[in-house]
Protein chains: 2
Amino acid sequence: MVDTAQRSNSKKPARTPGRTSAKTTKTPAPTAVTPPVVPGVDTGPVMIAGQSGAPTVNIESLHRQLLGTWADVRLRARELTAQPALQRIEGQSMAEHRERVLGQLHILAENGHVHRAFPKDLGGEDDHGGNIAGFEELVTADPSLQIKAGVQWGLFGAAVLHLGTKKHHDAYLPGIMTMQVPGVFAMTETGHGSDVAAIGTTATYDPATQEFVIDTPFRAAWKDYLGNAAKDGIAAVLFAQLITAGVNHGVHAFWLPLRDESGAFLPGIGGEDDGLKGGLNGIDNGRLHFDGVRIPRENLLNRYGDVSEDGTYSSPISSPGRRFFTMLGTLVQGRVSLDGAATQASAMALTIAITYGSQRRQFNAGSDTDEEVILDYQRHQRRLLPRLATTYAHTFAHDEFLVKFDQVFSGQADTDADRQDLETLAAALKPLSTWHALDTLQEAREACGGAGFLAENRLVGLRADLDVFATFEGDNNVLLQLVAKRLLTDYSRKFASAGPGVLARYVVQQAAGRAYHGTGLRTLGQSVADFGSTARSVGHLRDTAVQRELLTDRVETMIAEIAGKLRSAGKLPAKDAAALFNANQNQLIEAARSHGELLQWEAFTRAVETTEDAGTKQVLTWLRDLFGLGLVEKHLAWYLVHGRMSAQRAQSVTAYIDRIIARLRPHAVDLVDAFGYSQDHLRSAIASGAEQERQNEARDYYATQRASGTAPRAEKAPARK
Amino acid sequence: MVDTAQRSNSKKPARTPGRTSAKTTKTPAPTAVTPPVVPGVDTGPVMIAGQSGAPTVNIESLHRQLLGTWADVRLRARELTAQPALQRIEGQSMAEHRERVLGQLHILAENGHVHRAFPKDLGGEDDHGGNIAGFEELVTADPSLQIKAGVQWGLFGAAVLHLGTKKHHDAYLPGIMTMQVPGVFAMTETGHGSDVAAIGTTATYDPATQEFVIDTPFRAAWKDYLGNAAKDGIAAVLFAQLITAGVNHGVHAFWLPLRDESGAFLPGIGGEDDGLKGGLNGIDNGRLHFDGVRIPRENLLNRYGDVSEDGTYSSPISSPGRRFFTMLGTLVQGRVSLDGAATQASAMALTIAITYGSQRRQFNAGSDTDEEVILDYQRHQRRLLPRLATTYAHTFAHDEFLVKFDQVFSGQADTDADRQDLETLAAALKPLSTWHALDTLQEAREACGGAGFLAENRLVGLRADLDVFATFEGDNNVLLQLVAKRLLTDYSRKFASAGPGVLARYVVQQAAGRAYHGTGLRTLGQSVADFGSTARSVGHLRDTAVQRELLTDRVETMIAEIAGKLRSAGKLPAKDAAALFNANQNQLIEAARSHGELLQWEAFTRAVETTEDAGTKQVLTWLRDLFGLGLVEKHLAWYLVHGRMSAQRAQSVTAYIDRIIARLRPHAVDLVDAFGYSQDHLRSAIASGAEQERQNEARDYYATQRASGTAPRAEKAPARK
């Protein structure tokens, strides 16, 4: 077994993980190990960190690379989240937790940390990317703090900013920014979450008084799950069907005062507390309903639609559909930030589990005296290292995503196509990273055994809080379906002018034509069309172009196949067309997921290409291979069924993954150290070095006993499981 | 879309789900629907429940079948768990919850529900299977209640019963049964969970005073994660290395008083509260440590090992290894009961999510007015119905497992081989069912959207509580490794007398020899050796013998392959042999998992065979096919790589699964109703019929508006996502 285990990771300052990590290494550089030859698989010699010729990771430079484009903002945010005043206290009651988080929002407001996206003339910085980067980092302090801040400034405030006009900005943004006006983003209803266009709340214009009248027509139209609604919100941005002169112009947003100075609901407004949730209990989610509530005409946030005094509706966007999606599109930042925050939670989980796994010992399989470090077990590596590779992929993809977001919101690249690409990107990445976070937090929790179940080690609390990330700001399955529809649209546009014969040929000759493109993140390089050859070696799989081809080919072929099946839909009655679409829904969503994975692989590959330090680059290349080939392994049946891979090469995928994992094992602790979290962020007892101290004490005890000759003799050679 | 959605499942009495369910059906029998033809796949006509010629499920008889061998015990237990006094109150503080659960244990003690396994002469019933059946049902009331009861009677009490002798039974069991003596099962230490044989706590015999002296030599040897240790336990069964006359005889159990009447620790004993956990916070888990604590010689629970007054050790089992495993083996019931409780939690989760999914509507894909019932979406079906099939498989497998347990513990079939089979069965099934429960609870939570995240709908609380099931009573990965070792042993025994040539031929000719057997649950029927034929139709996959062959072949081939790779291990130094084993660990664990899945498939198949009602039998056969072919689909790459299936047949697996799912959709609500939980057990607002009421109200509102002509006109044809 390779013993790189005795590194204590306690008290790493966030900004110098490399140096600190090196200083606290207790054991000498690990020694060379050649694993026994496994019949049938040429695993080759394993290169061990510190061994002559083996690569080493430059933790400090990798740390900067992982921090990404807004590294400085993130480092300042981490100083903030290292402050106990902003951190979660485990075990508080819901009421105490809510009170604490409300107070923390005032700290953030005073600090200005949350004002970066607001206009300069109101004290902001017009810095959209930096704002999200700083916001995401709050997850290390308390996800409730992060999400409640997101409700106040990212949803409520951003809706005023993006859907309102100057009069609304001047009137409302200052109070929002300072937290003088805590507010509610009142969009979702009990009956409608994913299908926002179908919400039931109405805002009917009354020209006699020049007011909108807000009504909740039935129970399913109660606003629901709204942060700040149960207790703190004194105003809301309310989404309702705008009706004027007998015409429903669809969903629009309105400024609506909710509570008076005593905290009581204003006349016509009622509500309920959503009560205890699976997590995020520092946020007061609740329900609202309205009965003839009148608000002035000017309260309509009128950037994309307005009503004149006489009730005439006007809009700069003539298509109601396009108008609706434009309005919703301004709120994409929620998905952007969840992608980043979820990825940070995955990184924290792996830092905790890999640190612990590199210190914890159990069972003495190959020795009479020394127990094995659990991260040296193949299964343990298989559980954690592929998830580490995925977390790296998500980190790099997120930074590119954030750059794209910043370009659109800064106006630097703000065409309709850019906005659509951004939304598709959000819809592809947010599901993958939020599911990955839940999966990783759970695997990390189990990998830490009973200790992982204790609140003091953070994993269970983070998982509980992040659970809802999978369904809020867009249900993950619904989002992936949106991605799939976009892929189908792009695909059909490509063949719009061609006859069905062209399409058929395309479907048959998948490996050739490579003209179809997904969202902007991806640019296709090389084409390799020689799959199925049994003569290819394991080494071939390391080829970047081969991995790209395998991943790209699958997405394109899946979309082409589904498009072929849906070709007749246009000629069918609506009901039958819907049924035909539905019969392919599962495959569509799987195709969208593979598309997102490809985007992440591309981002990871670009990150590897820009890495300068040679040792770091080598290790990152292995990690990228692990991610890419892990995807291939997951979908291996598809490659076999579609003749893209021979049985022989398919077997070599798993063999090569085993080999990369063994190579990466000595670098595992460096790779999580490079995330740069200090114990102030992790606050996990088992990742504090305490386990290493316990192991050292126990081993010293037995060593001393053996040396002194006072150890009791075993009845026989001891039997162990 | 098939509309069977409007069934309200509110207030079904547990004992008559069939009748009640029929009574509350609001819509007429669903109508026939022929789905559009999907190019390339012959989906065939879908038979709809209620349609002439389509099967119907007899819910009442299926309910009895699912309740299994101890149906009456379970029904009595469900009357008990329907009582609010035994139920969880969501949102209680840890202190309040602990206090409540402690009180509930006194209710159980008075009721006698938890005494079935104890000897008749002490007021028990010597009924081991019934005891576990009744115990498992407690999970519907509160998992904390269940597990704390398990600590008191299933671990603490059972250790006295099985490891002690008559003097201990007479002295301690009455107090344990009545809860006069709440106790701790003090086995696990901070440093040793899975490897119990290596615990550090010592019990050194002092012949001068005829006492054992209990010591904790270092911090890692603190007892940890122990239920009842933080607050309530006044005695413990302590596991420690028994040392007498300079010899360590390995782990033995001792009766140890912990606290005095005031609740203070006795001299030499200290401890800590484990504090807040990810769930099960009604249990006071804690740590204990000992410094020279003296207990009389008679406190050794001496069934399997004793120390005479002069310090001479004796045991009826001469091998220390066998003695250790015999002692631990008496405690297998923890794993048995977790398998059952986890399966019940899966059943509850699916009852909630499928009930809600059959009432909830979102998006009007194929209609201008009616939104789709979400369970009619293919993706939603794909998320829930395969998990329903798995839950059925686990339910049937668990009942067979419980019968085996009862046979062993009643002495009816209690050979060494029986006990080993039972333990292998426990190690195979407990991991699968506990992981499945977590997966199912999470998918159900997400399938219910934001509503699923509210505590009032139960899913998040159950998931939080069951999280630790994956690592306690044996870490799932460690248990599966035990199964794999057993499979390897069985395999090598088979070839012990044969030369290596025989072994090699066996590995090559996988499809022929079928002599190897796993645990007792499985008996092999028919042999089919014609894989790879491209001429086979989809229908072939429905053949029970084909499914059995596919699943069996995979387990046997995997084990044979690994055995081949490990053949040289015997000749290697221990360290290298361990490394070779480790290089195959992941595959070994995967083989063990497949073995467990095969056992579950066999149990499901036997259950189908004994089903008498023809319609129920047909639907159960589809459900079994879904389970079996779902396993084949999951491992499809393996079948392709190993030449067991052609690419063409591999594709038909997924096509056939899609077809079965569409067939099962109309029966989904019946299949969860057959679990027989009433709202008193589910206590989930969204499964109470409230969603159906909301949907009806909203649809009535719009229908009335349309009919009256007062509906606002849409600006254009409304655009929906």
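**Where chain B meets chain A**

Across the interface of chain B and chain A, the rule turns up 8 salt bridges. Keep in mind as you look around that this is a predicted model. One salt bridge to pull up in your viewer joins the side chains of Glu590(B) and Arg379(A), with an N to O distance of 3.0 Å. If you go by polar contacts instead, the count between chain B and chain A is 60 residue pairs, both residues being at pLDDT 80 or more.

Which element of chain B gives the largest share of the side that touches chain A? That's helix 17 of chain B, residues 574-583, which brings in 8 residues. Sorted by character, the residues on this side of chain B come out as 51 nonpolar, 28 polar and 33 charged.

Now for the extent of the interface. The size of an interface is often given as the accessible area lost when the parts come together. Here, the area buried between chain B and chain A is about 9,900 Å², and carbon and sulfur atoms give 57% of that area. In residue terms, the contact takes 112 from chain B and 114 from chain A.

The two chains also share some strand pairing. Strand 6 of chain A (residues 247-257) runs parallel to strand 11 of chain B (residues 713-714), and the two pair over 2 bridges. To find the spot, look for Val247(A), whose bridge partner in strand 11 of chain B is Arg713(B).

Stepping back to chain A by itself, you'll find 24 helices and 11 strands. Of its 721 residues, 64% count as buried. Take the contacts in chain A with a separation of 6 or more: residues 24 or more positions apart account for 74% of them.

Finally, a couple of backbone angles deserve a look. Most residues other than glycine have a negative phi. Arg458(A) has a positive one, near 80°. Where does Arg458(A) lie? You'll find Arg458(A) in the loop between helix 12 (449-453) and helix 13 (459-466) of chain A. Its relative accessibility is 6%, so Arg458(A) counts as buried.

Chain B offers another case: Phe363(B), also not a glycine, has a positive phi near 70°. Phe363(B) belongs to the loop between helix 9 (333-357) and helix 10 (378-409) of chain B. Is Phe363(B) buried or exposed? With a relative accessible area of 14%, Phe363(B) is buried, because the cut-off for that label is under 20%.

Definitions and conventions: Residues numbered from 1 in each chain as written. Chains lettered and ligands numbered in written order. Heavy atoms only, no water. Helix = DSSP H or I, 4+ residues; strand = E, 2+ residues; numbered from the N terminus. Buried < 20%, exposed > 50% of the residue type's maximum accessible area, 1.4 Å probe, protein only. Contact = heavy atoms within 4.5 Å. Buried area = accessible area lost by both parts, 1.4 Å probe. Salt bridge = Lys/Arg side-chain N within 4 Å of Asp/Glu carboxyl O. Polar contact = N/O pair within 3.5 Å; in protein donor to acceptor, adjacent residues only side chain to side chain. Nonpolar A, V, L, I, M, F, W, Y, C, P; charged D, E, K, R; others polar. Pairing = 2+ DSSP bridges.
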